[in-house]
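Reader: Got a minute to go through this one with me? Let's pull it up.

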Amino acid sequence: MKESASGKTFQVVNATLLTLIGAFMLFPFLYVFAVSFSSYKEFIQADFLIWPKQWVFDAYDYIFKSDAFIRSIFFTIYVTILGTIVNLLFTSSMGYALSRPVVGRKPVLVLVLFALLFPAGLIPTYIVVKETGLINSIWALILPVAISPFNLIVMRQFFLSIPGEVVESAVMDGATDLGIFARIVLPLSKPALAAFGLFYAVGHWNNYFGGLLYMNSPEKWPVQVVLRQLVVVNETNTLRVATEMVEQMPPPETIQMAALLVATVPILIVYPFLQKHFAKGVMLGAVKG
Amino acid sequence: MQFWLKRLYRDRFLILLMLPGLAYFLIYKYLPLVGSVIAFQDFSPFLGFLESPWVGMKHFAVIFEDYEIVQVLWNTLNISFLQIAFAFPAPIILAIMLNELRSNGWFKGILQSIVYLPHFMSWVIVVGICVIFLRGSGVINSFLGTYFGIDPIPFLSDPAFFKPLIVLQVIWKEAGWGTVIFLAALAGVDPQLYEAAVMDGAGRFRKIWHITLPALRSTIVILLILRLGTVLDTGFEQIFLMLNPFVMEQGNVLDTYVYFKGIVQSDYSFATAVGLFKGVVGFGLVWGANRLAKRFGQDGVY
(Lines give C-alpha, C1' and ligand atoms only; values in the text may rest on other atoms or scores of the structure.)
Protein backbone atom coordinates (compact mmCIF):
# COMPACT_ATOMS: atom_id res chain seq x y z
CA MET A 1 0.00 0.00 0.00
CA LYS A 2 1.20 3.48 -0.82
CA GLU A 3 1.85 5.75 2.08
CA SER A 4 0.97 9.42 1.92
CA ALA A 5 3.41 12.04 3.19
CA SER A 6 1.41 12.66 6.34
CA GLY A 7 1.16 8.91 6.81
CA LYS A 8 4.94 8.65 6.72
CA THR A 9 5.35 11.50 9.19
CA PHE A 10 2.90 9.75 11.46
CA GLN A 11 4.88 6.53 11.26
CA VAL A 12 8.12 8.28 12.12
CA VAL A 13 6.62 10.25 15.01
CA ASN A 14 4.91 7.16 16.37
CA ALA A 15 8.04 5.01 16.14
CA THR A 16 10.11 7.75 17.77
CA LEU A 17 7.68 8.16 20.66
CA LEU A 18 7.59 4.41 21.19
CA THR A 19 11.38 4.27 21.19
CA LEU A 20 11.42 6.98 23.85
CA ILE A 21 8.88 5.07 25.93
CA GLY A 22 10.98 1.93 25.57
CA ALA A 23 14.07 3.86 26.65
CA PHE A 24 12.16 5.23 29.65
CA MET A 25 11.35 1.67 30.73
CA LEU A 26 14.82 0.30 30.03
CA PHE A 27 17.06 3.15 31.15
CA PRO A 28 16.71 2.51 34.92
CA PHE A 29 17.93 -1.06 34.44
CA LEU A 30 20.87 0.02 32.31
CA TYR A 31 21.82 2.67 34.82
CA VAL A 32 21.68 0.25 37.76
CA PHE A 33 23.70 -2.25 35.74
CA ALA A 34 26.37 0.30 34.78
CA VAL A 35 26.77 1.81 38.23
CA SER A 36 27.09 -1.59 39.87
CA PHE A 37 30.18 -2.23 37.71
CA SER A 38 31.67 1.25 37.97
CA SER A 39 34.31 2.75 40.16
CA TYR A 40 33.12 5.35 42.63
CA LYS A 41 35.04 8.05 40.80
CA GLU A 42 33.28 7.36 37.54
CA PHE A 43 29.91 7.16 39.27
CA ILE A 44 30.41 10.58 40.88
CA GLN A 45 31.65 12.24 37.70
CA ALA A 46 29.17 10.96 35.16
CA ASP A 47 25.57 12.15 35.02
CA PHE A 48 24.03 9.39 32.99
CA LEU A 49 26.09 6.27 33.21
CA ILE A 50 24.87 3.54 30.92
CA TRP A 51 28.14 1.79 30.20
CA PRO A 52 31.12 1.75 32.56
CA LYS A 53 34.44 2.75 31.02
CA GLN A 54 36.32 0.66 33.44
CA TRP A 55 34.80 -2.50 34.88
CA VAL A 56 35.10 -2.81 38.64
CA PHE A 57 33.80 -5.86 40.47
CA ASP A 58 34.27 -4.72 44.06
CA ALA A 59 30.58 -4.37 44.79
CA TYR A 60 29.85 -7.93 43.63
CA ASP A 61 32.84 -9.21 45.54
CA TYR A 62 31.43 -7.60 48.61
CA ILE A 63 27.85 -8.84 48.37
CA PHE A 64 28.89 -12.37 47.44
CA LYS A 65 31.01 -12.47 50.58
CA SER A 66 28.12 -11.23 52.66
CA ASP A 67 26.49 -14.12 54.51
CA ALA A 68 23.28 -12.16 54.98
CA PHE A 69 22.72 -11.55 51.29
CA ILE A 70 23.73 -14.99 50.06
CA ARG A 71 21.65 -16.63 52.76
CA SER A 72 18.58 -14.62 51.71
CA ILE A 73 19.12 -15.55 48.07
CA PHE A 74 19.35 -19.27 48.79
CA PHE A 75 16.45 -19.11 51.23
CA THR A 76 14.32 -17.41 48.56
CA ILE A 77 15.32 -19.94 45.89
CA TYR A 78 14.27 -22.69 48.29
CA VAL A 79 10.95 -21.00 49.06
CA THR A 80 10.32 -20.41 45.35
CA ILE A 81 10.91 -24.02 44.33
CA LEU A 82 9.05 -25.62 47.23
CA GLY A 83 6.27 -23.04 47.08
CA THR A 84 5.71 -23.42 43.35
CA ILE A 85 5.49 -27.22 43.67
CA VAL A 86 2.88 -26.84 46.42
CA ASN A 87 1.01 -24.24 44.35
CA LEU A 88 0.87 -26.46 41.28
CA LEU A 89 -0.08 -29.62 43.19
CA PHE A 90 -2.87 -27.93 45.14
CA THR A 91 -4.18 -25.86 42.25
CA SER A 92 -4.15 -28.58 39.59
CA SER A 93 -5.61 -31.35 41.75
CA MET A 94 -8.45 -29.20 43.04
CA GLY A 95 -8.95 -27.61 39.64
CA TYR A 96 -9.22 -31.02 38.02
CA ALA A 97 -11.64 -32.40 40.60
CA LEU A 98 -13.85 -29.34 40.12
CA SER A 99 -13.81 -29.82 36.36
CA ARG A 100 -15.45 -33.26 36.81
CA PRO A 101 -19.06 -33.82 37.91
CA VAL A 102 -17.91 -34.61 41.43
CA VAL A 103 -20.22 -34.71 44.46
CA GLY A 104 -20.47 -31.26 46.04
CA ARG A 105 -18.97 -29.42 43.11
CA LYS A 106 -21.46 -26.55 43.20
CA PRO A 107 -21.07 -25.60 46.87
CA VAL A 108 -17.28 -25.86 46.66
CA LEU A 109 -17.24 -23.58 43.61
CA VAL A 110 -19.36 -21.05 45.49
CA LEU A 111 -16.91 -21.31 48.39
CA VAL A 112 -13.99 -20.56 46.07
CA LEU A 113 -15.79 -17.68 44.37
CA PHE A 114 -16.74 -16.09 47.66
CA ALA A 115 -13.13 -16.32 48.86
CA LEU A 116 -12.08 -14.54 45.67
CA LEU A 117 -14.60 -11.74 46.19
CA PHE A 118 -14.28 -11.43 49.94
CA PRO A 119 -10.67 -11.91 50.94
CA ALA A 120 -10.24 -12.54 54.67
CA GLY A 121 -8.71 -9.55 56.40
CA LEU A 122 -5.03 -9.12 57.09
CA ILE A 123 -5.25 -9.29 60.87
CA PRO A 124 -7.38 -12.47 61.23
CA THR A 125 -5.18 -14.19 58.63
CA TYR A 126 -2.09 -13.14 60.57
CA ILE A 127 -3.59 -14.51 63.79
CA VAL A 128 -4.40 -17.85 62.12
CA VAL A 129 -0.84 -18.15 60.76
CA LYS A 130 0.52 -17.26 64.17
CA GLU A 131 -1.77 -19.66 66.04
CA THR A 132 -0.84 -22.51 63.71
CA GLY A 133 2.77 -21.91 64.76
CA LEU A 134 4.12 -20.85 61.37
CA ILE A 135 5.84 -17.61 62.39
CA ASN A 136 9.48 -17.79 61.33
CA SER A 137 8.80 -21.01 59.45
CA ILE A 138 9.31 -21.32 55.72
CA TRP A 139 5.74 -22.67 55.51
CA ALA A 140 4.38 -19.26 56.47
CA LEU A 141 5.52 -18.08 53.04
CA ILE A 142 3.97 -21.08 51.28
CA LEU A 143 0.80 -22.39 52.91
CA PRO A 144 -1.19 -19.13 53.25
CA VAL A 145 -0.76 -18.57 49.50
CA ALA A 146 -1.00 -22.21 48.39
CA ILE A 147 -3.81 -21.49 45.93
CA SER A 148 -4.67 -18.31 44.11
CA PRO A 149 -8.46 -18.59 43.72
CA PHE A 150 -8.23 -16.80 40.40
CA ASN A 151 -5.62 -19.21 39.02
CA LEU A 152 -7.71 -22.11 40.31
CA ILE A 153 -10.73 -20.94 38.33
CA VAL A 154 -8.69 -20.42 35.17
CA MET A 155 -7.01 -23.81 35.52
CA ARG A 156 -10.38 -25.51 36.00
CA GLN A 157 -11.46 -23.79 32.81
CA PHE A 158 -8.43 -25.27 31.07
CA PHE A 159 -9.27 -28.78 32.30
CA LEU A 160 -12.86 -28.34 31.09
CA SER A 161 -11.49 -27.72 27.62
CA ILE A 162 -9.84 -31.16 27.49
CA PRO A 163 -12.10 -33.31 25.28
CA GLY A 164 -14.36 -35.60 27.31
CA GLU A 165 -13.62 -38.57 25.02
CA VAL A 166 -10.05 -38.72 26.30
CA VAL A 167 -11.24 -39.25 29.85
CA GLU A 168 -14.08 -41.56 28.86
CA SER A 169 -11.87 -43.91 26.91
CA ALA A 170 -9.55 -44.14 29.92
CA VAL A 171 -12.54 -44.97 32.12
CA MET A 172 -13.42 -47.77 29.66
CA ASP A 173 -9.93 -49.11 30.11
CA GLY A 174 -10.56 -49.26 33.84
CA ALA A 175 -8.44 -46.31 34.94
CA THR A 176 -9.32 -44.64 38.24
CA ASP A 177 -9.76 -40.89 38.54
CA LEU A 178 -6.36 -40.66 40.18
CA GLY A 179 -4.74 -42.56 37.33
CA ILE A 180 -6.50 -40.44 34.72
CA PHE A 181 -5.37 -37.26 36.45
CA ALA A 182 -1.74 -38.30 36.87
CA ARG A 183 -1.20 -40.15 33.61
CA ILE A 184 -3.44 -38.45 31.10
CA VAL A 185 -4.63 -35.06 32.24
CA LEU A 186 -1.40 -33.71 33.74
CA PRO A 187 0.79 -34.64 30.75
CA LEU A 188 -1.78 -32.97 28.49
CA SER A 189 -1.63 -29.85 30.64
CA LYS A 190 2.07 -29.12 30.41
CA PRO A 191 1.58 -25.69 28.77
CA ALA A 192 -0.86 -24.60 31.46
CA LEU A 193 1.34 -25.98 34.24
CA ALA A 194 4.35 -24.15 32.79
CA ALA A 195 2.46 -20.87 32.53
CA PHE A 196 1.01 -21.05 36.04
CA GLY A 197 4.27 -22.40 37.47
CA LEU A 198 6.12 -19.38 36.14
CA PHE A 199 3.53 -16.96 37.46
CA TYR A 200 3.54 -18.59 40.88
CA ALA A 201 7.37 -18.71 40.92
CA VAL A 202 7.66 -15.01 40.09
CA GLY A 203 5.14 -14.34 42.85
CA HIS A 204 7.29 -16.20 45.41
CA TRP A 205 10.48 -14.56 44.26
CA ASN A 206 8.93 -11.09 44.45
CA ASN A 207 7.04 -11.65 47.69
CA TYR A 208 7.90 -8.95 50.18
CA PHE A 209 4.82 -8.71 52.37
CA GLY A 210 4.97 -12.33 53.56
CA GLY A 211 8.56 -11.91 54.70
CA LEU A 212 7.74 -8.64 56.45
CA LEU A 213 4.77 -10.16 58.28
CA TYR A 214 5.92 -13.62 59.22
CA MET A 215 9.72 -13.64 59.31
CA ASN A 216 10.92 -11.97 62.48
CA SER A 217 14.50 -13.10 62.60
CA PRO A 218 16.89 -11.54 60.06
CA GLU A 219 18.43 -14.95 59.29
CA LYS A 220 15.14 -15.92 57.67
CA TRP A 221 14.57 -12.83 55.63
CA PRO A 222 13.72 -13.42 51.98
CA VAL A 223 15.77 -11.43 49.50
CA GLN A 224 13.11 -8.74 48.98
CA VAL A 225 13.15 -7.85 52.68
CA VAL A 226 16.95 -7.61 52.66
CA LEU A 227 16.77 -5.44 49.53
CA ARG A 228 14.32 -3.10 51.17
CA GLN A 229 16.61 -2.61 54.17
CA LEU A 230 19.56 -2.11 51.90
CA VAL A 231 18.13 0.17 49.21
CA VAL A 232 14.90 1.78 50.37
CA VAL A 233 15.73 2.24 54.04
CA ASN A 234 19.39 2.75 53.12
CA GLU A 235 20.77 0.53 55.83
CA THR A 236 23.93 -0.60 54.16
CA ASN A 237 25.11 -2.41 57.24
CA THR A 238 22.28 -4.94 56.82
CA LEU A 239 24.77 -7.03 54.92
CA ARG A 240 27.13 -7.16 57.82
CA VAL A 241 24.89 -9.25 60.02
CA ALA A 242 27.06 -12.00 61.39
CA THR A 243 29.90 -11.26 59.03
CA GLU A 244 33.13 -9.62 59.97
CA MET A 245 34.16 -7.71 56.91
CA VAL A 246 37.60 -6.37 57.46
CA GLU A 247 38.39 -5.20 53.97
CA GLN A 248 37.43 -1.77 52.88
CA MET A 249 33.82 -1.48 51.88
CA PRO A 250 33.04 -0.35 48.34
CA PRO A 251 30.79 2.73 48.13
CA PRO A 252 27.26 1.97 49.36
CA GLU A 253 25.71 3.14 46.08
CA THR A 254 27.41 0.49 43.99
CA ILE A 255 26.62 -2.18 46.59
CA GLN A 256 22.94 -1.24 46.50
CA MET A 257 22.81 -1.45 42.75
CA ALA A 258 24.73 -4.71 42.59
CA ALA A 259 22.26 -6.22 45.07
CA LEU A 260 19.27 -4.95 43.07
CA LEU A 261 20.73 -6.50 39.97
CA VAL A 262 21.53 -9.87 41.52
CA ALA A 263 17.96 -10.07 42.82
CA THR A 264 16.68 -9.33 39.30
CA VAL A 265 18.80 -11.90 37.49
CA PRO A 266 16.53 -14.91 38.20
CA ILE A 267 13.58 -13.02 36.69
CA LEU A 268 15.66 -12.11 33.66
CA ILE A 269 16.62 -15.77 33.24
CA VAL A 270 13.01 -17.01 33.23
CA TYR A 271 11.77 -14.00 31.27
CA PRO A 272 12.13 -15.56 27.80
CA PHE A 273 10.11 -18.58 28.99
CA LEU A 274 7.60 -16.29 30.64
CA GLN A 275 7.17 -14.41 27.39
CA LYS A 276 6.58 -17.60 25.50
CA HIS A 277 3.99 -18.87 27.93
CA PHE A 278 2.29 -15.84 29.35
CA ALA A 279 0.35 -15.07 26.21
CA LYS A 280 -1.27 -18.48 26.58
CA GLY A 281 -1.83 -17.90 30.29
CA VAL A 282 -3.41 -14.52 29.75
CA MET A 283 -5.60 -15.81 26.96
CA LEU A 284 -6.72 -18.70 29.15
CA GLY A 285 -7.71 -16.04 31.65
CA ALA A 286 -9.64 -14.13 29.03
CA VAL A 287 -11.93 -17.02 28.12
CA LYS A 288 -13.27 -17.70 31.60
CA GLY A 289 -17.00 -17.75 31.92
CA MET B 1 -29.11 -42.03 51.32
CA GLN B 2 -27.83 -45.07 49.51
CA PHE B 3 -27.66 -43.03 46.36
CA TRP B 4 -25.37 -40.51 48.06
CA LEU B 5 -23.13 -43.17 49.56
CA LYS B 6 -22.85 -44.67 46.11
CA ARG B 7 -21.88 -41.34 44.59
CA LEU B 8 -19.39 -40.64 47.37
CA TYR B 9 -17.82 -44.04 46.72
CA ARG B 10 -17.79 -43.50 42.99
CA ASP B 11 -16.09 -40.09 43.39
CA ARG B 12 -13.70 -41.14 46.17
CA PHE B 13 -10.56 -40.37 44.19
CA LEU B 14 -11.83 -37.02 42.96
CA ILE B 15 -12.74 -36.12 46.53
CA LEU B 16 -9.23 -37.13 47.54
CA LEU B 17 -7.85 -34.77 44.89
CA MET B 18 -10.08 -31.99 46.16
CA LEU B 19 -9.18 -32.38 49.84
CA PRO B 20 -5.84 -30.49 50.00
CA GLY B 21 -7.35 -27.51 48.22
CA LEU B 22 -10.49 -27.64 50.31
CA ALA B 23 -8.40 -27.77 53.49
CA TYR B 24 -6.49 -24.74 52.23
CA PHE B 25 -9.66 -22.73 51.68
CA LEU B 26 -11.12 -23.71 55.03
CA ILE B 27 -7.97 -22.97 57.05
CA TYR B 28 -6.53 -19.92 55.34
CA LYS B 29 -9.60 -18.28 53.80
CA TYR B 30 -12.59 -19.25 55.94
CA LEU B 31 -11.05 -19.63 59.39
CA PRO B 32 -9.85 -15.98 59.19
CA LEU B 33 -13.33 -14.96 58.00
CA VAL B 34 -14.83 -16.61 61.06
CA GLY B 35 -12.02 -15.07 63.12
CA SER B 36 -13.17 -11.65 61.95
CA VAL B 37 -15.66 -11.80 64.85
CA ILE B 38 -12.86 -10.27 66.92
CA ALA B 39 -13.93 -6.98 65.33
CA PHE B 40 -16.89 -7.19 67.73
CA GLN B 41 -14.71 -8.01 70.74
CA ASP B 42 -11.93 -6.52 72.77
CA PHE B 43 -9.70 -9.32 71.58
CA SER B 44 -6.82 -10.43 73.73
CA PRO B 45 -4.47 -13.07 72.33
CA PHE B 46 -4.20 -14.60 75.81
CA LEU B 47 -7.94 -15.13 76.12
CA GLY B 48 -8.53 -16.20 72.50
CA PHE B 49 -11.77 -15.42 70.73
CA LEU B 50 -13.91 -17.66 72.84
CA GLU B 51 -13.07 -15.86 76.06
CA SER B 52 -12.49 -12.27 74.89
CA PRO B 53 -15.26 -9.88 75.95
CA TRP B 54 -17.88 -8.89 73.37
CA VAL B 55 -18.28 -5.20 72.76
CA GLY B 56 -20.75 -5.04 69.90
CA MET B 57 -20.25 -2.26 67.36
CA LYS B 58 -17.87 -0.23 69.51
CA HIS B 59 -14.94 -0.37 67.08
CA PHE B 60 -17.12 0.36 64.07
CA ALA B 61 -18.56 3.40 65.79
CA VAL B 62 -15.03 4.75 66.22
CA ILE B 63 -14.29 4.35 62.49
CA PHE B 64 -16.66 7.15 61.59
CA GLU B 65 -15.56 9.48 64.36
CA ASP B 66 -11.82 9.07 63.99
CA TYR B 67 -10.22 11.98 62.20
CA GLU B 68 -7.29 9.83 61.12
CA ILE B 69 -9.53 7.30 59.37
CA VAL B 70 -11.36 9.99 57.47
CA GLN B 71 -7.95 11.13 56.27
CA VAL B 72 -6.92 7.54 55.41
CA LEU B 73 -10.16 6.93 53.54
CA TRP B 74 -9.69 10.16 51.63
CA ASN B 75 -6.11 9.20 50.72
CA THR B 76 -7.28 5.78 49.54
CA LEU B 77 -9.98 7.20 47.28
CA ASN B 78 -7.75 10.01 46.09
CA ILE B 79 -4.90 7.72 45.04
CA SER B 80 -7.35 5.29 43.47
CA PHE B 81 -9.01 7.96 41.36
CA LEU B 82 -5.65 9.37 40.30
CA GLN B 83 -4.75 5.86 39.14
CA ILE B 84 -7.99 5.61 37.19
CA ALA B 85 -7.48 9.03 35.62
CA PHE B 86 -3.83 8.56 34.66
CA ALA B 87 -2.66 4.95 34.95
CA PHE B 88 -5.81 3.41 33.48
CA PRO B 89 -5.63 5.10 30.04
CA ALA B 90 -1.86 4.54 29.71
CA PRO B 91 -2.01 0.97 28.36
CA ILE B 92 -4.83 1.91 25.98
CA ILE B 93 -2.75 4.68 24.42
CA LEU B 94 0.33 2.46 24.34
CA ALA B 95 -1.62 -0.39 22.73
CA ILE B 96 -2.96 1.93 20.02
CA MET B 97 0.55 3.22 19.33
CA LEU B 98 1.93 -0.31 19.11
CA ASN B 99 -0.94 -1.31 16.87
CA GLU B 100 -0.22 1.55 14.50
CA LEU B 101 3.38 0.44 14.16
CA ARG B 102 3.66 -0.77 10.60
CA SER B 103 5.40 -4.06 9.72
CA ASN B 104 8.88 -4.07 11.31
CA GLY B 105 8.26 -7.31 13.19
CA TRP B 106 11.53 -7.27 15.11
CA PHE B 107 11.20 -3.67 16.26
CA LYS B 108 7.73 -4.30 17.60
CA GLY B 109 8.86 -7.53 19.22
CA ILE B 110 11.78 -5.95 21.06
CA LEU B 111 9.64 -3.01 22.10
CA GLN B 112 6.99 -5.30 23.53
CA SER B 113 9.57 -7.34 25.43
CA ILE B 114 10.90 -4.12 26.96
CA VAL B 115 7.55 -2.65 27.98
CA TYR B 116 6.34 -5.95 29.50
CA LEU B 117 9.52 -6.39 31.56
CA PRO B 118 8.83 -4.01 34.49
CA HIS B 119 5.63 -5.93 35.30
CA PHE B 120 7.74 -8.85 36.53
CA MET B 121 9.85 -6.74 38.89
CA SER B 122 8.95 -6.70 42.58
CA TRP B 123 7.72 -3.50 44.19
CA VAL B 124 10.89 -3.45 46.26
CA ILE B 125 12.92 -3.24 43.06
CA VAL B 126 10.69 -0.58 41.51
CA VAL B 127 10.64 1.57 44.64
CA GLY B 128 14.36 0.89 45.13
CA ILE B 129 15.18 2.17 41.65
CA CYS B 130 12.92 5.17 42.23
CA VAL B 131 14.73 5.97 45.47
CA ILE B 132 18.11 5.65 43.79
CA PHE B 133 17.06 8.08 41.06
CA LEU B 134 15.28 10.63 43.22
CA ARG B 135 17.24 10.87 46.46
CA GLY B 136 19.31 13.95 47.24
CA SER B 137 22.44 12.53 45.64
CA GLY B 138 20.51 10.70 42.90
CA VAL B 139 20.78 11.07 39.13
CA ILE B 140 17.87 13.45 38.74
CA ASN B 141 19.05 15.86 41.40
CA SER B 142 22.67 15.85 40.26
CA PHE B 143 21.48 16.42 36.69
CA LEU B 144 19.28 19.36 37.75
CA GLY B 145 22.13 20.71 39.83
CA THR B 146 24.82 20.50 37.15
CA TYR B 147 22.82 21.85 34.24
CA PHE B 148 20.26 24.13 35.84
CA GLY B 149 21.87 25.01 39.16
CA ILE B 150 18.82 23.81 41.08
CA ASP B 151 19.27 22.81 44.72
CA PRO B 152 18.44 19.17 45.48
CA ILE B 153 14.66 18.65 45.60
CA PRO B 154 13.47 16.30 48.39
CA PHE B 155 11.21 14.27 46.05
CA LEU B 156 10.87 11.40 48.50
CA SER B 157 10.03 13.36 51.63
CA ASP B 158 8.02 16.23 50.15
CA PRO B 159 4.34 15.32 50.51
CA ALA B 160 3.50 17.12 47.27
CA PHE B 161 5.38 14.51 45.27
CA PHE B 162 3.98 11.42 46.97
CA LYS B 163 0.84 10.81 44.94
CA PRO B 164 2.34 11.72 41.54
CA LEU B 165 5.22 9.32 42.25
CA ILE B 166 2.84 6.50 43.17
CA VAL B 167 0.93 6.97 39.92
CA LEU B 168 4.10 7.28 37.86
CA GLN B 169 5.49 4.06 39.31
CA VAL B 170 2.29 2.21 38.47
CA ILE B 171 2.44 3.52 34.92
CA TRP B 172 6.10 2.50 34.57
CA LYS B 173 5.48 -0.96 35.99
CA GLU B 174 2.10 -1.89 34.50
CA ALA B 175 1.38 0.20 31.39
CA GLY B 176 3.21 -2.22 29.08
CA TRP B 177 1.67 -5.31 30.60
CA GLY B 178 -1.77 -3.73 30.41
CA THR B 179 -1.50 -3.55 26.62
CA VAL B 180 -1.77 -7.34 26.29
CA ILE B 181 -5.53 -7.47 26.55
CA PHE B 182 -6.08 -4.44 24.28
CA LEU B 183 -3.71 -5.75 21.63
CA ALA B 184 -5.60 -9.04 21.70
CA ALA B 185 -8.84 -7.15 21.10
CA LEU B 186 -7.25 -5.25 18.22
CA ALA B 187 -5.92 -8.42 16.63
CA GLY B 188 -9.53 -9.38 15.98
CA VAL B 189 -10.37 -6.27 13.95
CA ASP B 190 -11.13 -6.95 10.29
CA PRO B 191 -8.45 -5.21 8.14
CA GLN B 192 -11.14 -4.57 5.52
CA LEU B 193 -12.61 -1.97 7.84
CA TYR B 194 -9.41 0.05 7.60
CA GLU B 195 -9.26 -0.38 3.83
CA ALA B 196 -12.84 0.76 3.46
CA ALA B 197 -12.07 3.79 5.62
CA VAL B 198 -9.12 4.66 3.40
CA MET B 199 -11.43 4.46 0.38
CA ASP B 200 -13.67 6.96 2.10
CA GLY B 201 -10.68 9.24 2.53
CA ALA B 202 -10.04 8.72 6.23
CA GLY B 203 -6.65 9.77 7.63
CA ARG B 204 -4.69 8.15 10.45
CA PHE B 205 -6.52 9.82 13.28
CA ARG B 206 -9.93 9.29 11.72
CA LYS B 207 -9.17 5.58 11.45
CA ILE B 208 -8.08 5.45 15.08
CA TRP B 209 -11.16 7.42 16.14
CA HIS B 210 -13.73 5.53 14.07
CA ILE B 211 -12.33 2.00 13.98
CA THR B 212 -9.63 1.32 16.58
CA LEU B 213 -11.29 2.99 19.54
CA PRO B 214 -14.76 1.53 18.90
CA ALA B 215 -13.09 -1.90 18.65
CA LEU B 216 -11.67 -1.37 22.15
CA ARG B 217 -14.77 0.24 23.60
CA SER B 218 -16.35 -2.79 25.21
CA THR B 219 -13.03 -3.95 26.71
CA ILE B 220 -12.39 -0.47 28.09
CA VAL B 221 -15.86 -0.18 29.58
CA ILE B 222 -15.67 -3.59 31.27
CA LEU B 223 -12.20 -2.99 32.70
CA LEU B 224 -13.19 0.46 33.89
CA ILE B 225 -16.30 -0.82 35.64
CA LEU B 226 -14.31 -3.58 37.30
CA ARG B 227 -11.58 -1.13 38.29
CA LEU B 228 -14.19 1.09 39.93
CA GLY B 229 -15.23 -1.94 41.96
CA THR B 230 -11.82 -1.97 43.60
CA VAL B 231 -11.38 1.72 44.49
CA LEU B 232 -10.60 0.81 48.10
CA ASP B 233 -7.66 -1.35 46.98
CA THR B 234 -4.47 0.59 46.52
CA GLY B 235 -2.20 -2.38 47.12
CA PHE B 236 -0.10 -2.64 50.25
CA GLU B 237 3.48 -3.14 49.13
CA GLN B 238 4.06 -0.15 46.88
CA ILE B 239 2.57 2.40 49.26
CA PHE B 240 4.14 0.87 52.36
CA LEU B 241 7.56 0.95 50.69
CA MET B 242 7.13 4.59 49.66
CA LEU B 243 5.90 5.77 53.07
CA ASN B 244 8.14 7.67 55.46
CA PRO B 245 7.30 9.93 58.40
CA PHE B 246 7.25 13.03 56.19
CA VAL B 247 4.56 11.78 53.83
CA MET B 248 2.47 9.78 56.30
CA GLU B 249 -0.47 12.19 56.26
CA GLN B 250 -0.77 12.14 52.48
CA GLY B 251 0.14 8.53 51.92
CA ASN B 252 -1.41 6.38 54.62
CA VAL B 253 -4.17 4.30 53.00
CA LEU B 254 -6.58 1.69 54.37
CA ASP B 255 -4.24 -1.25 53.74
CA THR B 256 -1.22 0.36 55.40
CA TYR B 257 -3.38 1.76 58.22
CA VAL B 258 -4.66 -1.73 59.07
CA TYR B 259 -1.06 -2.96 59.11
CA PHE B 260 0.22 -0.21 61.40
CA LYS B 261 -2.74 -0.48 63.78
CA GLY B 262 -2.98 -4.24 63.85
CA ILE B 263 0.51 -5.63 63.44
CA VAL B 264 2.70 -2.78 64.66
CA GLN B 265 0.49 -1.58 67.52
CA SER B 266 -1.24 -4.94 68.15
CA ASP B 267 -4.65 -3.29 68.25
CA TYR B 268 -6.14 -6.45 66.74
CA SER B 269 -9.84 -5.79 67.21
CA PHE B 270 -9.87 -2.25 65.90
CA ALA B 271 -7.67 -3.10 62.89
CA THR B 272 -9.93 -6.06 62.10
CA ALA B 273 -12.96 -3.79 62.27
CA VAL B 274 -11.35 -1.43 59.75
CA GLY B 275 -10.39 -4.39 57.56
CA LEU B 276 -13.90 -5.82 57.75
CA PHE B 277 -15.37 -2.45 56.86
CA LYS B 278 -13.11 -2.36 53.81
CA GLY B 279 -14.00 -5.95 52.94
CA VAL B 280 -17.77 -5.38 53.10
CA VAL B 281 -17.68 -2.16 51.08
CA GLY B 282 -15.23 -3.76 48.62
CA PHE B 283 -17.41 -6.84 48.23
CA GLY B 284 -20.45 -4.67 47.48
CA LEU B 285 -18.52 -2.63 44.94
CA VAL B 286 -16.99 -5.62 43.13
CA TRP B 287 -20.29 -7.49 43.09
CA GLY B 288 -22.09 -4.44 41.73
CA ALA B 289 -19.33 -3.78 39.21
CA ASN B 290 -19.49 -7.34 37.94
CA ARG B 291 -23.26 -7.12 37.50
CA LEU B 292 -22.84 -3.88 35.61
CA ALA B 293 -20.16 -5.46 33.42
CA LYS B 294 -22.50 -8.33 32.64
CA ARG B 295 -25.25 -5.90 31.75
CA PHE B 296 -22.91 -4.46 29.15
CA GLY B 297 -23.17 -7.79 27.42
CA GLN B 298 -19.86 -9.22 28.55
CA ASP B 299 -18.99 -12.23 30.64
CA GLY B 300 -17.88 -10.28 33.66
CA VAL B 301 -15.16 -11.87 35.74
CA TYR B 302 -17.02 -14.93 36.90
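Author: Sure. From the N terminus on, chain A runs α-α-α-α-α-α-α-α-α-α-α-α-α. That makes 13 helices and zero strands (DSSP runs numbered from the N terminus: H or I of at least four residues for helices, E of at least two for strands). This is a predicted model, where local features need pLDDT of at least 70 and side-chain atom pairs count only at 80 or more, while totals for chains, interfaces and linings use all residues. Residues are numbered from 1 along each chain, chains are lettered from A as written, and side-chain values use heavy atoms, without hydrogens or water.

Reader: How much of chain A is buried?

Author: 54% of its 289 residues, with buried meaning under 20% relative accessible area (1.4 Å probe, protein chains only).

Reader: And α10(A), how many of its residues are buried?

Author: Twelve of 17, so mostly covered. Among them are A:F196, A:Y200 and A:W205. The helix covers residues 190–206 and reaches 24 Å from first C-alpha to last, close to the 24 Å expected (1.5 Å times one less than the number of residues).

Reader: Switching topic: what area do chain A and chain B bury between them?

Author: About 8,400 Å², 79% of it on carbon and sulfur atoms; that's accessible area lost on being put together, 1.4 Å probe, summed over both.

Reader: Which helix of chain A gives the most there?

Author: α1, residues 5–36, with 17 residues on the side touching chain B.

Reader: How many residues does each chain put into the contact?

Author: 92 from chain A and 88 from chain B (heavy atoms within 4.5 Å).

How values were computed. Buried means under 20% relative accessible area, exposed over 50%, partly exposed in between (1.4 Å probe, protein chains only). Buried area is the accessible area (1.4 Å probe) that two parts lose on being put together, summed over both.
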